[in-house]
Amino acid sequence: MLRKDFIKKTGIMKRRNFLILGSALGLFSYLKLKKSDDFEVAFKNVKPTIEAVQGHMFPQNSKLPLSLQTSLFMYETMSHPSFDKDIRVFVLEGASELEKRHDNHFTSLAAQEKEIALRAYEETNYGSAWLSQIMTLTLEAHFSDPIYGVNKNEKYWDEVGAYGGLPRPKQRYIGTIDV
Amino acid sequence: MYDVVIVGSGASGGAVAYTLCKAGFKVALLEKGRLMKREEFSKDEQAYCRRDLVTPNLFDEYHTIEEKVEGEWVATPSYESGWSFWNGNIVGGSSNFMSGMLHRMHPDDFRLKSKYGEIKGANVVDWPIGYGEMEPYYALAEELVGISGHFEPHPFAPWRSTPDFRQAPTKENAVVKLLDKSCKTLGITPLVTSRAVLSASKAGRDACYYSNFCGSYGCSSGAKGSSREALIVPALATGNLTLLSNTHVKKLHADNTESVSYAIVVDTITGEEKQIKAKLFVLAAQAHETARLLLNSANEYHPHGLANSSGELGKNLLFSGGGSGQGELYKEGLKEIEFEELMTTGLFVNRSVLDWYFIDDPKEGRFKGGSVEFMFEHQNIISRAAKDNQEEGKLVWGSALGERIVKRFREQKSIRFEIFNDWLPTDDCFVALDPVHKDKYGMPVGKLRLNGHPQDIKVGEYIAKHCEKILQEMGAQNIYASISAVPAQNLVAGGCRFGDDPKTSVLNKECRAHDVKNLYVADASFMPTGGSVPYTWTIYANALRVADAIVKQLKNI
């Protein structure tokens, strides 16, 4: 039996605190999202910011460049009922907060300015947790089974020389969709 | 009316169902999760390991976890913390997802108090039965479940009635040459791990195909000895078993002080509620949920909960003491084996150490120790990629992140040890009903108060020091160990102690409720102390023992 130890250092223990902080920052509107259409609109609004952050974390000239399919993967997996609704809100509001810190111009910053902006954001507990969450979601996209549409031709598995086990999934838990 | 209703289809529920159906009794096996057949399982990390697809959504069903914070008990709902105490809610339960490293308890585990005396702050008692009464059922479980291994005499290994395992050990990675040599250099005896994984095909189940992704995943060959594969499938073949999946039991109803009449269940798909009647009821819902169900079944005949005249129901909940550690093996400096051999995927490490099961140290004293398992770090790709991407407290990103992750995968393999020692029963580890929170069915959720005994930490740290030396001898780098009082949530037992005295125990020695003639508890709830090995083999064995007692009772009805 593998020990299933809970690691409290991930920050997830305090995720409700982040939401409370988000509310204090005036970002609580995301808590009111009820319908999938609401999430679609909200995600679309923050998508450029999240993609800009991911592009900075996973630059195109690196060994693990950001896939353009990552946003779709995030949208699909975050829309599914199995996705933690608190984290869904956190992802949305963290992006809004980042934009707010830069007068809604984060995406147009130069690479060096983005580095400074993200390191400054990381100085806050809230920003640090959000950046960590974005990195984790991006890694999920890149290293999931190719059936999820990002790790095409096992590109990312090839890069690290590690492959998913058999049998591979024949269907996605998030349902079918044209990819 | 059924002869028997069993609540829960994991290791113990499956074992009871198997025995009763083979004996010709009509059984209903109730499982709140769905049925997933062998063909449905895949190695989809995103689905099985990153999302709660085989456990309830924590916003629907949860626990409150009570921990001591700055001297005060603070309860946090698990939907806030993410600390889930669900362990696989599908037909077959968490046995579908186990790694299968199983051990028998030692004869002295059955008489811990007699051997070591009182431990201050711990509620240690001897079991009402000895190893000799359990041994035939350990042997039976080994055969039915299909536990592979190789018996090697060791001063701390429990005796066996059969000379060796019928199933040979599973195949091993070459790293065992290095591990064995390193242990022997240090005077430590490495033993072959017994594993609930078939090395050779058996009765409709194919041998292990070494997928590299065993623990946390369902098995696609049937090699893993889950309750579903090893027990429920053959029980269904008798024609005596009615498997009711998607069936959640809200409470048991007793019309009098002596017997249960029916279970009140809800169809988790339609929401329809109904009653299921039987002559006899068996609870096998996993320790913390079994106690909760009994507490939730309180009525005028059982005001403090069903089978709780002793007041002991829910108390002395157990987990597993210990923790884990890890080190990295790199090509440079690798001894005994080639790097390519080390990097071969799928094969098991298959080594255990029992040398510290009983400790008599000139400096530290004489005390009960624990067991150790060696294994590779779990091979999940996403979790390995996401691990430790920080330097000096800052996230690593940009080109450096890609290089770091590629290096982690291509240039090293991490070897890990896990320590299992007694989680001493105390007054501050129990399950009760939360006075406020209810699940989506309107029933009070279980409130788990969690607090470990200081001795558990002492033992874990003692063993960890020795294990770190083994990794050092192997040439591993960046070695660390983590021993804490935070319990592993999948290693849970206790809460319905068995014993001879109805005033101090919930169950008698056959795991029948002292108070209620037609109610048994077959899961790990019965354990007054947990031993220093993972619970699963003991759960299988004891459930088979309990099932024999039930057969005897049914024959007299």
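## Helices, domains and shared cores in a two-chain model

In chain A, contacts between residues 24 or more positions apart account for 64% of the contacts that have a separation of 6 or more. This is a predicted model, and what follows should be read with that in mind. Chain A has seven helices and zero strands, so that, as the DSSP runs define them, its elements read α-α-α-α-α-α-α from the N terminus on. Of the 179 residues in chain A, 50% are buried.

A useful place to look into chain A is the pair formed by helix α4 (residues 85–101) and helix α5 (residues 111–122), which pack at an angle of about 120° with their axes 11 Å apart. Because of that angle, α4(A) counts as oblique to α5(A), and the crossing in which α4(A) passes α5(A) is right-handed. On the α4(A) side the residues that meet the partner helix are G94(A), E97(A), L98(A) and R101(A), and on the α5(A) side they are L118(A), A120(A) and Y121(A). In general, an α-helix has 3.6 residues a turn, so residues three or four places apart point the same way.

Helix α6 (residues 125–143) of chain A holds Q133(A). Is the side chain-bearing residue Q133(A) buried or exposed? With a relative accessible area of 18%, Q133(A) is buried, since the cut-off for that class is under 20%. Once its neighbours within four places in sequence are set aside, Q133(A) is in contact with I87(A), F90(A) and V91(A). Further along chain A, in the segment after α7 (155–160), lies P167(A), and the peptide bond that leads from L166(A) to P167(A) is cis, with omega near 0°.

Chain B is divided into two domains, each assembled from several stretches of the chain: domain 1 covers 1–148 + 223–319 + 437–451 + 492–557, and domain 2 covers 166–193 + 321–422 + 453–486. Taken over C-alpha atoms, the centres of these two domains of chain B are separated by 31 Å, and 29 residues of domain 1 are in contact with 27 residues of domain 2.

How many residues does the largest nonpolar core have? This core has 113 residues, and those with the most contacts inside it are L519(B) and I550(B). Its largest share, eleven residues, comes from helix α13 (residues 536–556) of chain B. Domain 1 and domain 2 of chain B both give residues to this core, and therefore it lies between them. For I550(B), leaving aside neighbours within four places in sequence, the contacts are V4(B), V16(B), L20(B), L280(B), V282(B) and Y520(B). A second, separate core has 63 residues, and it includes A42(A), L64(A) and Y121(A) from chain A together with I382(B) from chain B. Y121(A) is thus a residue to revisit, as it is also among the α5(A) residues that meet α4(A). As a general background to both cores, nonpolar side chains in soluble globular proteins tend to be buried together.

Burial in chain B can also be followed along a single helix. Helix α8 (residues 287–296) of chain B is mostly covered, with ten of its ten residues buried; among them are H288(B), E289(B), R292(B) and N296(B), as well as L293(B), L294(B) and L295(B). In the loop between α8 and β10 (317–318) of chain B sits N316(B), which has a positive phi of about 55° although it is not a glycine. At 4% relative accessibility, N316(B) counts as buried.

A second positive phi, near 50° and again in a residue other than glycine, belongs to E70(B). E70(B) has its place in the loop between β3 (64–69) and β4 (72–77) of chain B, and because its relative accessibility is 80%, E70(B) counts as exposed. An intermediate case is A386(B), in the loop between α10 (381–385) and β16 (390–391) of chain B. The relative accessibility of A386(B) is 27%, so this residue counts as partly exposed. The C-alpha atoms of A386(B) and I405(B) are separated by 8.3 Å, while the two residues are 19 residues apart along the chain.

Key
Residues numbered from 1 in each chain as written. Chains lettered and ligands numbered in written order. Predicted model: local features only at pLDDT ≥ 70, side-chain atom pairs only at ≥ 80, totals over all residues. Heavy atoms only, no water. Core = buried A, V, L, I, M, F, W, Y, C linked by side-chain atoms within 4.5 Å. Buried < 20%, exposed > 50% of the residue type's maximum accessible area, 1.4 Å probe, protein only. Helix = DSSP H or I, 4+ residues; strand = E, 2+ residues; numbered from the N terminus. Domains from an automatic or database assignment. Contact = heavy atoms within 4.5 Å. Axes fitted to C-alpha atoms, helices over the stretch in contact; angles between N-to-C directions. Parallel < 35°, antiparallel > 145°, perpendicular 65-115°, else oblique. Left-handed = near helix turned anticlockwise from the far one by under 90°.
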